[in-house]
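This report is meant for someone meeting the structure for the first time. It begins with the cysteines and their links, and then turns to a few strands, a charged residue and a helix.

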Amino acid sequence: MKMHTSFAKILLVLSLSSFISASELDFDGWLQIRLWHSFDDEPTPRYVERGKITISSIRSGAAVVSQPGLHNLNIDKLNILAKHGGKYRLKAIVQSSSGSEITFLTSILACNLLGSNLQDTLNIWLDSSAEPIAVNLVSQGPCSLKNPTAQSWTTDVQMKYPDGGPMPDTATYIQKLEREKQARESGENKDNRSFFAKYWMYVIPAVIFVVLSSATNPEAGNTVGSGGGGAQRQ
Amino acid sequence: MAPPILTIFRGNFNRFCIDSQFFQYFIVLLSLFNLSLCLYEDQVGKFDWRQNYVGKIKFANFDNVSQVKKIIVATEENVIAALNIKTGQILWRRVLEKGYAGRIRAFSNVADDELILVNGGVPAIVRYWNLTTGHILNEWPIAEQNPDRIEDVQWHINDGTLYHILPIYNSGVEVTAYDSKTGEKLKSRKISAPFISQETECVLASPYFICLKGDSSLAILFYINIFEPKSQPQSITINTIFGAGAEGPYRISLVPGNIAAISISTDNNRRKRLLLLENEPTPVPHDIDGENSVYITNFDDKKVVLELSYNDKITTVMATYLNENEPQSEKLHRIIHNDLYRPEIVATTCTCKSLKRYACKFLLSSEDHSISLLDKKVLWTREEALARIVAVEIVELPMSDRDQAIETEFDLKESLDVDSTWDVFGMLVRRLSSQANQVKAFIQAALGLEPQQSNQRADLVRDKFGLHKMIVAVTSAGKIFGIESKKGELIWQLRVPNIQGFSKESDQMVLYVQRGSRHFPHPPQCSLLAADKDTGSGVIFTFNPINGQALDGLTKLNYRVKQSMLLHVTTDSFLRSIIILDERDRAYVYPESATAVATSVGRNTYIFTVDKASGILSGYSFSYSTPQNLIANKVWELVLSPKNQRITHVVSKDPIERVHSQGRVLGDRSVLYKYINPNLVAIVTQGTSSVQKNTLNLYLLDVVSGSMVFSIVHKRTKGPVHIVHSENWLVYSYFNEKSRRTEIATLELYEGKTQSNMTVFSSLTTTKLPIVERQAFIFPASIESMRETITEKGITSKHILVALANGGVLELPWMLVDPRRSINPEMREEGVIPYMPELPIHVDGIINYNQSVFRISGIHTSPSGLESTCLVFVHGLDLFYTRVAPSKTFDVLKEDFDYYLIVIVLAALVISSYITKKLASQKLQKQAWK
Amino acid sequence: MIQEIRFILAIFLVISSFSNSLAENEDDVSTDLYVIEGKVFSWENAGNTPWQLMTHVMANGGEYYGFLREDGTFTISNVPFGSYVIEVINPNYAYEPVRVEINSKGKFRARKVNLIQTSQVIQVPYPLKLRPLTPFRYFQMREQWRVTDFLFNPMVFMMILPLLFIIILPKIMNDPETKKEIEQLNNLTSYNMPEMSEVITSFFSSGEKQKAKTVKAVKKRQ
């Protein structure tokens with residue numbers, strides 16, 4: 001009996017999981033990145049190991065970065081590179097949970113690294129199926145030639161996913177159309193207010209004006225009329 | 001009394017205004033004010049033209065049966081048309097479906113003014129046309145039993161019956177007969193012919209089906225009559241045809257013409273012979289050169305083989321009469337004409353003038369796709385290569401010779417050579433002499449005397465507003481045309497032999513304008529970059545785009561071209577050089593003499609490549625170049641794995657584009673600065689994996705630093721995708737599978753309320769990602785191509801030209817696809833109209849009114865001398881050219897400006913003022929006398 | 001026994017849900033092909049023009065074409081099941097598009113195209129009967145210059161009207177009869193237009209003013 005119920009529970013969970021795989025949820029996975037870098041000022045550089053980054057869950061973006069510090073030799077090379085306006089190159093080999101291993105290359109102006117005191121950001125771009133498509137190194141710092149005070153890298157890792165595409169907003173439009181239709185049907189009664197109610201603003205001053213003028217005028221009319229009459233009689 | 005009443009008024013009045021709809025509509029009306037983009041009826045044809053083409057001929061036939069004598073052609077572009085015999089003009093034309101579904105597979109002989117056509121793939125459709133009127137009489141589909149063998153199916157139409165012939169390997173031939181008019185299946189028969197296998201090369205020459213087996217001198221031709229129910233396979237050896245001494249490899253092919261015959265070529269196509277197949281296979285003991293094209297026909301009852309040979313512009317037509325024992329050859333024509341290039345005869349019609357004298361008209365189709373009619377001399381030619389244009393550039397015309405002579409007065413370079421004349425006296429002499437020349441030319445023109453011969457057409461010069469330009473069109477047949485833009489006249493043509501596009505799918509070649517026509521005395525120069533047909537390595541062809549003469553000719557490069565780029569700096573002679581990257585990432589400069597200039601800017605020059613097969617995008621810098629050598633080193637690489645997606649478009653901005661305003665003024669008077677990155681490229685990919693099957697991905701990538709700026713994904717969509725990338729926005733269209741409608745989405749990139757750098761944009765130092773405004777709209781028609789308008793200074797608003805599938809080209813104002821169109825109707829901004837989900841197609845925005853242009857493959861826009869006008873060239877199966885003025889012609893007086901009215905009114909006023917002055921003085925006088 | 005049944009039911013549930021998800025991924029390919037038929041009507045006075053030549057029918061933006069026979073009927077063959085927007089293409093006349101849906105059992109339904117509310121069904125008879133809606137108006141009328149535009153221009157009006165008055169009035173004045181008429185009119189309607197300020201002050205302080213007026217009147221008489 002107990003076995004059957006637990007069995008049923010397991011089966012239930014399994015059947016539910018099949019539904020999950022059929023729907024379109026965001027994928028999650030892990031990434032293992034190995035970094036190599038080069039301070040050479042030549043067209044074909046030699047790469048030296050820099051460190052490792054492990055991202056256990058792409059969705060949360062939590063990364064564990066392990067990079068040993070920089071030798072003074074490398075810092076000197078970086079300075080020389082910055083003086084020549086050259087680029088610091090980074091090679092990243094990314095292993096993803098789907099089993100693929102892809103090599104990416106990125107570079108940044110060496111003087112920017114010096115200016116930001118060896119602080120850089122690694123942007124890892126994923127496509128809609130959570131496969132890595134690009135690894136970019138960016139550094140905020142201004143371009144400077146000063147010696148850095150730090151001896152090791154401060155790296156921040158950020159995951160970037162594609163945004164969902166915009167959809168034409170038909171729902172609001174349909175609602176607006178319906179509202180207007182309703183408003184039109186009920187609004188036809190609204191303008192049946194009388195003429196007076198609509199234009200009282202203009203009618204009242206005109207009436208006041210006429211009243212006032214006729215109030216003063218009977219006197220003037222009387223005086224002139226009688227004056228004229230008087231003149232005639234004479 | 002007034003002030004109290006007015007205050008009461010003001011309060012009510014404001015509310016009155018805001019409440020009423022009137023005010024809102026007024027604003028909308030004002031903002032929509034420049035949206036009426038119509039043409040006037042009298043402007044039709046004044047500055048636009050259209051040309052219709054049919055494409056390369058696949059089948060053709062003379063129609064001598066009906067009243068109007070015409071030529072019926074069916075072409076590779078899936079078009080059937082009727083051409084007028086005398087002039088070659090199109091009488092009627094029917095465009096069938098595009099691509100595989102419309103491919104014409106069989107064409108019946110013209111009889112009774114009706115034509116039967118089989119087109120399509122699986123399954124095929126048989127259409128039955130009336131030839132005088134061009135409308136269809138009936139149409140029926142053929143169900144296909146073996147869909148994967150469709151390429152091997154042959155068709156034969158005879159006497160109102162359509163035969164569907166399918167060879168089955170190692171077994172026989174399956175013949176199914178249908179009534180061609182109604183589609184009724186008549187009978188199906190299987191003829192056993194065990195000699196058919198995958199190695200044999202088979203040809204249907206009704207009533208026989210012939211296969212060639214074997215390669216060496218032991219090759220045998222097997223044949224069987226497939227219409228005879230009890231026929232047996234028979235064979236004939238190669239030696240019977242050629243005699244001894246023939247060597248393989250052999251090829252057989254059907255001879256076009258009215259009589260069933262095949263040609264067998266031997267000795268690696270050095271010579272060939274014919275085998276007539278009417279009753280019994282009869283070999284014709286006459287050697288024909290392998291290069292010549294053959295056509296077989298009959299003059300009355302005599303069988304004639306027409307042989308066409310082409311050698312260095314000389315076309316010779318030889319006729320060989322076959323009725324006697326010894327074939328007798330006679331030379332019919334010998335023509336030297338520029339329009340013919342390795343022609344083939346596709347149809348003939350002969351009328352008997354008198355005994356033994358025949359007047360024949362031959363329809364020739366050349367290798368460069370042009371069609372000509374030959375009757376003693378070439379009567380007319382149609383340049384059908386223009387039905388497939390792959391690259392277009394619009395080039396400015398040079399100034400007239402006289403103006404150029406004026407310019408040389410002040411040409412420093414010329415005078416530096418001769419020091420003695422660069423002084424006051426020398427300049428005076430020069431000026432006087434040039435002015436004397438001008439006076440002479442003026443007097444000559446006034447007296448109507450012949451002007452001096454100049455090697456330039458008098459009207460092919462730059463006009464006042466820069467509206468007259470030269471369109472340089474490169475076609476897939478390797479032919480380059482120069483078309484002048486006023487009336488669409490073909491000025492010059494150039495043939496570049498043996499070239500093809502870089503990839504099999506797209507036929508794409510690259511045309512660069514290395515030097516314009518503003519730098520007299522250096523001639524303008526254009527270069528075409530393509531791949532060689534045999535080896536696939538790159539070729540460059542340089543020519544002058546104004547008169548069509550080759551400058552440096554064809555240069556063969558011994559490497560494959562992976563990417564090329566036009567440099568932005570010029571050499572001393574104002575020539576912009578081309579940097580070419582080969583497949584091993586080595587960089588070359590063309591011309592070689594410009595290497596020093598290229599390496600001097602190498603530090604700041606970057607180039608990027610996209611490999612569609614492996615999905616790898618890489619960026620290279622030339623910073624480590626030495627003055628003698630250009631060295632490319634990789635600085636970034638990213639991968640769009642082909643397991644998940646397939647790259648379909650890589651779109652960058654037009655390099656000559658200028659952005660006029662740095663930002664947008666919002667309703668509260670703050671500025672939203674635009675993110676204008678000239679190095680931004682949009683990459684569109686289509687999902688390929690089962691999970692991502694119907695998705696569209698769009699990535700925005702800065703190709704100098706390799707950093708991705710933005711990515712967006714659309715699920716449940718289908719192509720084809722058309723994209724326009726300009727200034728700080730992108731507009732792209734796709735088909736939404738869920739709602740089954742075409743949608744257009746817009747993205748606009750902004751930096752924010754502050755500008756990161758006021759002076760110059762650098763991809764290497766920008767780190768902030770832009771804010772992206774996005775919106776999608778429904779578009780009620782299907783789109784074939786999209787392009788934005790462009791003007792010299794970028795002040796005019798941008799309109800998007802959309803080519804629709806119903807033959808119209810719509811001018812869509814960018815304001816309608818602005819992503820900041822607010823859904824909330826209360827908030828208003830300048831120049832922003834409220835949101836409506838569907839984009840309206842205004843009929844008066846269709847720039848080609850009723851001149852429909854079908855199968856548009858591209859639109860090319862070019863700025864003109866006027867800031868308000870943009871020149872548009874639409875190409876596809878047809879060509880159409882016109883001018884658009886997105887903000888109306890604000891810099892020119894309008895066409896119907898009432899000059900006369902103003903003059904009359906002014907004159908009237910002046911006269912009346914004088915008259916009244918006189919009258920007034922007279923009156924004064926009179927009064928003074930009283 | 002009941003537990004056995006429950007057990008079996010659970011297994012069925014799991015299998016069905018898995019097969020459901022699997023089935024969603026497979027493509028249902030039905031190989032039946034159908035034919036869409038209809039008739040296109042020409043516009044008035046089409047008559048002898050080759051209107052069938054200029055017109056053709058397009059399904060789904062060019063995927064399939066249908067050509068017109070002499071009486072205007074057309075067929076679009078080899079169409080698999082699905083939803084198609086059928087449009088009639090003619091350079092001079094606009095026809096309304098129709099959506100034809102063929103379901104996998106071969107049933108046809110034709111309805112009006114509504115791209116915003118895609119689920120709205122306003123049925124249209126099938127086989128299709130397509131009539132022209134309106135001719136295309138591609139052009140804009142040029143602004144015609146009319147004499148009235150010139151005369152009613154306010155500036156011109158302001159110029160000409162006073163001119164007329166200046167010329168005509170003296171002529172009228174010289175006529176003696178009209179002079180008398182005008183004087184009479186003046187007498188009748190000559191009460192001075194009361195000044196606004198006077199009216200209001202009189203209204204508010206009526207007593208004093210009346211006295212002043214009577215004094216004035218008396219003065220006049222003397």
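Is the disulfide of Cys111(A) and Cys143(A) left-handed or right-handed? The torsion about the S-S bond of this pair is about -100 degrees, so the disulfide is left-handed. The model discussed here is a predicted one, and every value in this report is to be read with that in mind.

## Disulfides

A disulfide is a covalent bond between the sulfur atoms of two cysteines. Over all chains, the structure holds three disulfides, and they are set side by side in the table.

| Pair | Distance between sulfur atoms | Torsion and hand |
|---|---|---|
| Cys111(A) and Cys143(A) | 2.0 Å | about -100 degrees, left-handed |
| Cys202(B) and Cys211(B) | 2.0 Å | about 105 degrees, right-handed |
| Cys350(B) and Cys360(B) | 1.9 Å | 105 degrees, right-handed |

In chain A, the sulfur atoms of Cys111(A) and Cys143(A) are 2.0 Å apart. This pair links distant parts of the chain, since Cys111(A) belongs to helix α3 (residues 110–115) of chain A while Cys143(A) sits in the loop between β7 (132–138) and β8 (154–160) of chain A, 32 residues apart. The two ends of the link also have their own surroundings: Cys111(A) is buried, with a relative accessible area of 6%, whereas Cys143(A) is exposed, with a relative accessible area of 52%.

In chain B, the disulfides follow the pattern 1-2, 3-4 when the bonded cysteines are counted along the chain. Of the pair Cys202(B) and Cys211(B), Cys202(B) counts as partly exposed at 24% relative accessibility, while Cys211(B) is buried, with a relative accessible area of 0%.

For the other pair of chain B, the sulfur atoms of Cys350(B) and Cys360(B) lie 1.9 Å apart. Cys350(B) lies in strand β27 (residues 344–354) of chain B and Cys360(B) in strand β28 (residues 357–365) of chain B, so the disulfide ties together parts that are 10 residues apart in sequence. Here Cys350(B) counts as partly exposed, at 26% relative accessibility, and Cys360(B) counts as buried, at 7%.

Why does Cys526(B) not form a bond with the closest cysteine sulfur, in Cys870(B)? The sulfur of Cys526(B) is 19 Å from that of Cys870(B), which is too far for a bond. Cys526(B) counts as buried at 0% relative accessibility, and Cys870(B) likewise counts as buried at 0%.

## Strands β15, β16 and β17 of chain B

Strand β16 (residues 208–213) of chain B has five of its six residues buried, so the strand is largely enclosed by the rest of the structure. On one hand, β16(B) pairs with strand β15 (residues 201–205) of chain B in the antiparallel sense over five bridges, and a hairpin joins β15(B) to β16(B) through two residues. Within this pairing, Val203(B) stands opposite Ile210(B) in β16(B). On the other hand, β16(B) also pairs with strand β17 (residues 220–225) of chain B, again in the antiparallel sense, over six bridges. There the bridge partner of Tyr208(B) is Asn225(B), in β17(B).

## A buried glutamate and a helix

Glu131(A) lies in the loop between β6 (119–126) and β7 of chain A. This residue is buried yet has no salt bridge, and the nearest side chain of opposite charge, that of Lys643(B), is 5.0 Å away. Leaving aside residues up to four places away in sequence, Glu131(A) touches several residues, among them Ser98(A), Ile102(A), Trp125(A) and, in chain B, Asn644(B).

Helix α6 (residues 424–447) of chain B has 24 residues and reaches 35 Å from its first C-alpha to its last, a span close to the 34 Å expected at 1.5 Å a residue. After α6(B) comes Gly448(B), whose phi is positive, near 75 degrees.

## Chain A as a whole

The secondary structure of chain A comes to five helices and nine strands, and from the N terminus on its elements run α-β-β-β-α-β-β-α-β-β-β-β-α-α. Buried residues make up 38% of the 234 residues in this chain. Among the contacts of chain A with a separation of 6 or more, 65% are between residues 24 or more positions apart.

Technical notes:
Residues numbered from 1 in each chain as written. Chains lettered and ligands numbered in written order. Predicted model: local features only at pLDDT ≥ 70, side-chain atom pairs only at ≥ 80, totals over all residues. Heavy atoms only, no water. Disulfide = S-S within 2.5 Å. Helix = DSSP H or I, 4+ residues; strand = E, 2+ residues; numbered from the N terminus. Buried < 20%, exposed > 50% of the residue type's maximum accessible area, 1.4 Å probe, protein only. Pairing = 2+ DSSP bridges. Lys, Arg positive; Asp, Glu negative; His and termini not counted. Salt bridge = Lys/Arg side-chain N within 4 Å of Asp/Glu carboxyl O. Contact = heavy atoms within 4.5 Å. Expected span 1.5 Å × (residues − 1).
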